Amino acid sequence: MDELKQIVSILQTVIRLGVVARVVFCLVKMIINNDDGGTSEYKQKISNAVVFLIFSELAWIIKDMVFDYYSTGSYI
């Protein structure tokens, strides 16, 4: 069970770092290609990455709430 907790923790960290890396990458591309007028494309990509982060964090929160409500004691 501890291995599953570690895997979930690692997965949460990887998702967060991936979204941060994507946002930073898009911001750098916006700064570099500022004269091309493609900033709206990168703004949309940043928006999609933030929405993905919100949904992924929401999934973990809902899981924790369900386990706390039913107090099963076996957290994954």
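**Ser56.** I looked up Ser56 first and found its place in helix 2. Helices here are DSSP runs of H or I with at least four residues, strands are runs of E with at least two, and both are numbered from the N terminus. I noted that the model is predicted: local features need pLDDT of at least 70, side-chain atom pairs count only at pLDDT 80 or more, and totals for chains, interfaces and linings use all residues. Residues are numbered from 1 along each chain as its sequence is written, and side-chain values use heavy atoms, without hydrogens and water.

Is Ser56 buried or exposed? Ser56 counts as buried because its relative accessibility is 10%. The cut-offs are under 20% relative accessible area for buried, over 50% for exposed, and partly exposed in between (1.4 Å probe, protein chains only). I then took the C-alpha distance from Ser56 to Arg16: 9.1 Å, across 40 residues along the chain.

**Lys29.** I placed Lys29 in helix 1. Lys29 has a relative accessible area of 27%, so I logged Lys29 as partly exposed. Its C-alpha lies 20 Å from that of Phe52, with the two positions 23 residues apart in sequence numbering.

**Asp68.** I found Asp68 in helix 2. Asp68 is partly exposed because its relative accessibility is 47%. I paired Asp68 with Glu3, 65 residues apart along the chain, and read 20 Å between C-alpha atoms.

**Core.** Which residues make up the largest nonpolar core? I listed seven: Val19, Val23, Cys26, Met30, Tyr42, Ile46 and Ala49. A nonpolar core is a set of buried Ala, Val, Leu, Ile, Met, Phe, Trp, Tyr and Cys residues joined through side-chain atoms within 4.5 Å. Helix 1 (2-32) and helix 2 (39-70) each give at least two residues to this core. The largest share, four residues, is from helix 1.

I checked the contacts of Cys26, leaving aside neighbours within four places in sequence. Cys26 touches Tyr42, Lys45 and Ile46, where contact means heavy atoms within 4.5 Å.

**Whole chain.** I counted two helices and zero strands. The radius of gyration is 17 Å, whereas a compact globule of 76 residues would have one near 11 Å. That radius is taken over C-alpha atoms, and the globule rule is 2.2 Å times the number of residues to the power 0.38. Along the principal axes, the C-alpha atoms fill a box of roughly 55 × 20 × 10 Å.

I found 17% of the 76 residues buried. Of the contacts between residues at least 6 apart in sequence, 51% join residues at least 24 apart. The exposed area is about 5800 Å², with 66% supplied by carbon and sulfur atoms; the method is Shrake-Rupley with a 1.4 Å probe, and for residues only the protein chains shown count as cover.
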